[in-house]
Each structure stands twice: as structure tokens, then as C-alpha cells.
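Dear colleague,

I am handing over the structure we spoke about, and I would be grateful if you could keep it open while you read the notes that come after it.

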Amino acid sequence: MIVDAQNVSRVFAMPAGPVVAVRDVTLQINQRDHIAIRGPSGCGKSTLLHMLGCVDAPTTGTLLFGGENVSRLSDAKRSRLRLRQIGFVFQRFFLLPMLTARENVELPLSEAGAGKSERQKRTSELLAYVGLSARADHRPSQLSGGEMQRVAIARALANQPQLLLADEPTGELDVATGQQIAELLDRVNADGTALVIVTHDQELAGRARRVLMMRDGTIEHEVTT
Amino acid sequence: MNALGFAWRSLVRQPARAALGILGVAAVGALLFDMLLLSQGLITSMRDLLDRYGWDIRVVAGELPRQGPRIRDGVTASETIAMLPSVSGVLLVRVADAKIDRPSGTALNASFQGVDVRTSAGTGVARRPPWTILRGRDAAGPGEVVISESIASQAHLAPGASLMLRPSCVSEHEALPPTTMRVSGIAEFPFASETEDTIGGSFAALRNACSGNVGDEVDVLLVTSRSDADVTAAAIRAARPDLNAMTNDDVVGRLQQTGFSYFRQISTVLTAVTVSFAVLLITVLLTVSVNQRLGEIAALRALGFSRMRVVKDVLSESALIVGIGGLLSLPLGLLLATGLDDILKGMPGIPAELHFFVFERGALAIHLSLLLATALIAALYPMRIVSSLPIAATLRDEVIG
Amino acid sequence: MKGFTGFKGFRGFRGFAGSGLFVALVLVLSVEASTQSVRLKPDTTSTPPDILITRQLAESEHLSVGSVVTIAIDPAGDRAREFRIAGIYEPTPNPSRLGVVPREVRLHLPDLLDLTRPTGGVPGTEYVSSINVALTDPNDAAAFANDVNARMPGVVALPSSQAAGSAGPFRVLERFHLAIAVVTIIAATVFLLALTIMLVDERRQTVGVLRLIGLPVRRILIQIFIEGVIVAAAGAAFGLLLAVASERLINGFFQWKYDTALVFVRITRDVAVTCTSIAVPLGAAATVVASWALLRRSGLRLVRR
């Protein structure tokens, strides 16, 4: 089991009063899981994803990642966890505009302390994996939306994480491009990485083996295929 | 990619902005550097000027040379002092105002320095007048003088020519007949200001020009000691307690307390203002830059970049802007210092060889330290922003925004 | 530097002299000579003539009003005379004597002449360094000076406003400070451009959308210009406030440091107007220049991330 979340809640203190974004969610993520989280806007999907990715901490409940209680980890250890065990793909890509595709993918490897030759080898492999070897030296401004997202996926896979989290990965892409991204994510999952996707895209969600329907901060029901 | 490489790429990403930031630091840094040069420049230059001509001690009746009454029995005093065992030689200097008649009719105002040497028996010290001969030779007798380059040019005089001068030996209200003197050489007078026209000659020549109406009064006695200047000064004070014997250090110290101190104070004030200005502007530059990249920074944190790493990135960016700008500020500062020095040397009474801005290694070290502190302090607030950035909230805001 | 000998004297002495003269005669001593030669020695004998001393002298020699002191010109103390301290005054600050503590004594002219006359000297053959004249109509200064020059050869009369030759050092300092100000303005302008480019860039999407919906470049530039003027004016106002606060701090520091009433920094109306007239156009111009570079691009390019 990669993630074990038991009755996790996330409450935001607002001037108008506390807002419960996630309420008593219990969820386990295992190796090779392919999970889609769906629900109307504001139901807490992204908040749940952020907690699973150790970007945010639950207000109550227990979240174990690889058996470790995330709430008890220091910020530095959580960063380390995200660097080595978790990959993130964002709706807005968040590629660094001043770096080439190659340099963007290499960034997490460099931060993890990988040597130069190892970084170069792994980067080339990843860019080939996502089909962008020919565009390795292009900057994000010179890439299409789909290409940028593929670079972002390659970056997320740099340190061979156990778990890949994607927040609306096709949100800013057209249908055809979105399909390409969906196929790539399927391949990532098939190759052994657990995948959790937050999405409004029905087609993308349909590819998952488990679909969690959220409403008002809780998981209403789960569909398993 | 390490933090410095990352910072470089961040700067290069917006070349116009980066270039302007660096240029701004260069301009401010140049001013800062100049203020540091000014803070000790005048003192260093004066000390160098005093030490250069070989006299250790100045003896006056007042507080500073040429500021105050004359030594009434100057000639006698010089002989007494010359006999002291620790004294190698004494040069007595008497200064009088003089007008040089010109064919055009307009008289030239000048300052006439009459000097004479007194040595202790057997030292064989040759007369070393307070000027340096550029052309011709030194004045030999009571009928000869040397003149400054400025007089030579304005009065069209060369070595061998004659000049007519009317000195004022006792007060400005004299009307002495003109005296003809022979110009033996053109000289440089180190303690004369750029606008001051100076004539030099023996004490006898001055007496000659003043029709003998000089008496024993002198303006200053310049003393060369055999060994330690402080010991010699003490001996002079013991022999003549009515006079003020000052070593070169004493003169510099006195000047530091009076007119020179203004420049030290103003340089301190301007240094503080400049550093504050630089810190403020670089802080604003970095803060705006960071605020524009919050989404990227949150994404990097989500990817696993540690807090320390993103903080280092910001600090490196600050270090690059200040570092490159700081390096540029050095030649710029030296150029600016030349201009400012020229302005300040226009002050009346400032010796031509005195400089307000003098390069010293200490000033460079302080400059670099201040730049380092500036880079660090300026980065504090933006570092705080990135280190306390709420990752999830920022990512959410980026999507909404 | 040579001290001022033509400096306007202490007017309060007019009443003290007990004279009905229209024109006040004030004697300004050469400070160096007087402080070198004066020896102050508290003493008690009958009704000596009155003198005034500076606050600084009173503090350093622990003197007070009513103290009787002995003054001599000769360092050995020969021909010393007694005087009574009638008052202590704050000397008019003399910028050319900055750093020199003004230990001054003011005597009636006859008393000074008696004190300084050489042995055997004939009364009436002494000379004074200068005479300051206060006219009933100050506008007559030039005519009066010309009249004196014509009637009294050997004397040079100058209206006070023309005594600027002795202000040479301050002209130089003025140029020096101006040079510093110019460099500061250049540095500030460079930074300002950098900042405005960044701030304008933040609004590129907004500007792009405005362009796409049809607003002409000129319209957007005018808007930006107005914003720039408002921000620059607010900045200038804040800067002036800061300058006024700094003025007090700097004057306070230097007045304490040199124990003087001299004013070192003064924000005058002209200075404020000059600074504002530089700052506001610079700020507005920087915003427009930064925006111009942005507006040259198409709306689509601006909107694209």
C-alpha cells in the first residue's frame, strides 16, 4: 500500500467562518492503482489530491505514505518524499520558461543529487518515452500545449516515483491532444506507476479502474471496473 | 542545475529588466565607492603630501600653518631649533602678497614665498626649498626668484626674464616701489592651490623686494628631524613653549577635526543613504520578480524542491544582480571620482597636489562588504515570501487566476 | 581657510553701545587673533568695562554673567585688563569655520583699541578689519558703496550681496552636491525603468484583452500615462515627506556634532518644486516607455501564456 488515508479532513479558516473542503475521507492507494476522482467544482477534489501528494497536511485524520505518518514529518522530509516518491502533473503545466524541455525534465534529477551522466541518460530516456526527443532543446514558448504537458509528465517521472498525481492534466488541451495525454498516462500506469487523476473529463476518467465520485468534501461512491 | 545557474537563467529570461537592475546597482555602487574613497581620501592625500617633501615637523605661532599670527622672532627661533640635537635642519618660510606688473597694465596677484635654511653645525644639509624646479634653475641670490607655471604663462615669462613686483610685506596697505627680479626658473609649488600664483625665492630676496621691511617674522618653520619626529617635536616645545610644534600626524589630525571632518561626515551620511537606497530598490526588484513567479515556485515545491533550495535561488539572484553591478561600479566609480575630485579641487586654498578621492585597499574591502550585506539584506523579504509560500493555496490561486 | 571678516555683525550690540546712531558700528574681531591672545582669569576688582562672550567660551571656561575676567593680548599676560561679562550670546554660525569652536569675546571698540594698541602707539592711528553698515533703506546699498569708494580711496565698500567671493568654497560644495544628485537621479531612473517594465509586464494579459476587444493603443497609453502621473505624484509627495524628516535628522546630527546653529540641509519651496518637477515627469515617462515596448506587440501575443 502506498497511501493509507484514514478519516482525513481539511478545514480552511476563512473570515466568514471555517470551510470544510474535505470531510472524513478514507482511501487507500496501492501499487499500480489507476484512480480517477470526479465531482462538481468546489467538491474538494484538488484539496484531496494535494493531501495525497503531501503538499498539504490534513487538519484531522491520519495520512500514511509508505507507512509513515505524513503529518509528523518535517517540511524538509516532506519535500524529499515528494521529490523521490511522488510526481505531480498540473493543469497549467508549470514548466520553467527560461529552461529548455531537456532542462525542465532534468531539474528534479539534479535536485535529487543524480550525477551528470545519469541525469543526461535518464532525461533522454524520458523525452523519448513521451515522444519529444526532437524537441528537447526547445523552450516551452516554442511548444504546443500537448507537448508542454508531455514534458511535464516526463519531469514528473524523472525520479521514478511510486505515485503520479495529475490535477486536470487535459484541462487546457483540445480533445485530440487530451486523448494523446490520456494514452500516455495509461502507459505510465501500465509500466508500474500508481496514478491518481482529478478530472472533469469523462473520457479520461473512464480509463481508470477506480472512479471516486466526490461531493461536498466526501467520497459519495466508488465505481470499480 | 545549481542555485547560481538557476538564478542566471532567471535573470537572462528577462534581459532588459536584468540589465536595468544591474545598471542601477552599478550607478548606486559607484556613488557608494566614491563616498568610501572620500571618507579618508583627503587625509590620506594630505598625509602623503606632507610626508613627500621630507619635513617632519611644522612650527607655527597659531594652530595651523598660514592660519594665525606669524612667529615674531622667527629667525631667532629657527636658529634655536636648529641647534637641538634631534634636529637635522630647519627651513624658515615667510609669505607675502605681491603684485606683478604686466605690460598690459593689469597687475597679477601672487604669493611670494621667501625661504632660508638653518642647519645644525656639520650636518651639511643643502637647502631644500618647498618647490620643485621644472625648467631653469633655482633662485641663487637676493635678485632672483622662481615662478609658477601659471605666472609664466599669464605674464609671458621664461627663465632669464625680468619681472617687476610690488610686495605687501607688513599689511595690505603698503605702497612700496616696484622691485625688479630675475626669473631663474619655473617651479611647481606643491602646497599652492591651482588658482594661486606663487613666486619663490630666498628670504634675502623677499627682504630685498620689501626694501628691508620684513623684520624677523616668519609664517612657518619646516623642520627635518634626525630620528623620531615626536621626540623632536617635544624637544622643540620644551625649547620654545610659546610656539606650536606639530608633526605631520598632528597636522593631519588637526585638519581632521576641522575643515576636513565635513567630508568625512558627508561621506558617512551619503554612504548610509546610498546603501539604504540600494537595499530598498533591490528588495523591490526581487519581490516583484518573485511575486510574478509564485506559481512556478509552488510547482517546484510540489515537485520536491526544498524550502532551502528555493530560498537559495532567490539569494543567488540577489547575489548575481549585486555582484555583477558591483563589479561594474568599480570602474564607473573611479571615473566618477575623477570628476568629483576636479569639482572639489576648485575650492580656494586647496593645494593643487591634494586629492579628495584616493584609492585605498581598505575602501575597496569595505565597498565589497557593503555590497555583500546589501545583497543579503535585500533578499531577506523575498526569501521570506518563498520560504513561507503555501504550496496548495498558491497552486489553487494560479488555476483560478 | 581665511575667516570671514566682512560678515554681518551682531545687531544686538547697537542698544548695548547706548548710541543714537542710525548706522550701527559693529566690530568683528579676527577670531584667531583674539582666541590666541586672550587669557581669561576670573578676578574681582571694581566696575570694569562690559564684554560679551560666546556660549561655547562660557561653557569651556565655566564663566557666567557677572564674572570678572582679565584679558591680555600678550601671551605672557602683560598689559592685562579686567572686564565684566555682561552677557553670553550664541554666535552667528559661520560655515567657513565649521569644526572650529567659536570662543569669542566682544568688546566695545574703544576698549579693544586700548588693549591692542602697541606701547607708545598714538590713539587714532589704529585700523579695523572691516566696518559693517546697516542702512535705513537697504536698497541704497549699491549707491552707498559707490559713494564710499569715490570719497575714500584705499577703502573698498561692497554691498553684502556681492561678498560672494568669500563664499567660493560653498559654490564648490554646491556643484559637488549637484553632481551627487545627478548620479542619484540617474540611478533612480534606471531602477524606475526596471520596476515599471516588471509592473507593466504583470498587466500584459489585461492589456492584451483590451487590445483584442478593440481599444486603440493611444487610448491605453493615455490611461497608462494618467496612472503613471498619479503614482509618480504620490511617490514624489512621499519622497518630500521623507526629505523633510531627513532634514531634521541631518541638521540635528551635524548641529550636535559641531555644536553649532548652522543649518546644513534646508528643503525650500524651490527645492521641493524642482524635485517634484523632475520626479513626476520621470515616473510618468518611465511607465509610458515601459508600456510602449509592450504595446508594440499584438494583442494575441500578449494574451498567450
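What follows is an account of the chain contacts, then of the domains of one chain, and then of some local features of another.

This is a predicted model, in which local features need pLDDT of at least 70 and side-chain atom pairs count only at pLDDT 80 or more, while totals for chains, interfaces and linings use all residues. Residues are numbered from 1 along each chain as its sequence is written, and chains are lettered from A and ligands numbered from 1 in the order in which they are written.

I begin with the chains. Of the 2 pairs of chains that touch, B and C have the most contacts, where two residues are in contact if their C-beta atoms, placed from the backbone, lie within 7 Å. On this pair, 38 residues of chain B are in contact with 32 residues of chain C. Helices α2 (15–52), α8 (259–291) and α10 (307–344) of chain B each supply at least two residues of the side that touches chain C, and the largest share, 11 residues, comes from α8(B); helices here are DSSP runs of H or I with at least four residues, strands are runs of E with at least two, and both are numbered from the N terminus. By class, that side of chain B holds 20 nonpolar, 16 polar and 2 charged residues (Ala, Val, Leu, Ile, Met, Phe, Trp, Tyr, Cys and Pro count as nonpolar, Asp, Glu, Lys and Arg as charged, and the others, Gly among them, as polar).

Between chains A and B, 26 residues of chain A are in contact with 21 residues of chain B. The side of chain A that touches chain B receives at least two residues from each of α1 (45–52), α2 (75–85) and α3 (101–111) of chain A, with α2(A) giving the most, 7 residues. The residues on this side of chain A divide into 12 nonpolar, 6 polar and 8 charged. Chains A and C, by comparison, are joined by no contact, and their closest C-alpha atoms lie 8 Å apart.

Chain B is itself divided into domain 1 (3–49 + 259–400) and domain 2 (62–242), with bounds that come from an automatic or database domain assignment. The centres of these two domains of chain B, taken over C-alpha atoms, are separated by 50 Å, and 8 residues of domain 1 are in contact with 6 residues of domain 2.

In chain A, 4 strands form an open sheet in the order β2-β1-β4-β5, with antiparallel pairing (two strands pair if DSSP finds at least two bridges between them). Strands β2 (19–29) and β5 (68–69) of chain A stand at the edges with a single partner strand each, so one side of each has no neighbour in the sheet. Strand β1 (residues 3–12) of chain A pairs with β2(A) over 7 bridges; A:V8 stands opposite A:V25 in β2(A), and A:F12 has A:V19 as its bridge partner. The hairpin of β1(A) and β2(A) has 6 residues between the strands, and A:G17 in this hairpin takes a positive phi near 130°.

Lastly, helix α5 (residues 145–156) and helix α6 (residues 175–190) of chain A pack at an angle of about 15°, with their axes 9 Å apart (axes are lines fitted to C-alpha atoms, for helices over the stretch in contact, and angles run from 0 to 180 degrees between N-to-C directions). The helices α5(A) and α6(A) are therefore roughly parallel to each other, a term used for angles under 35 degrees, with those over 145 counting as roughly antiparallel, 65 to 115 as roughly perpendicular and the rest as oblique.

With best regards
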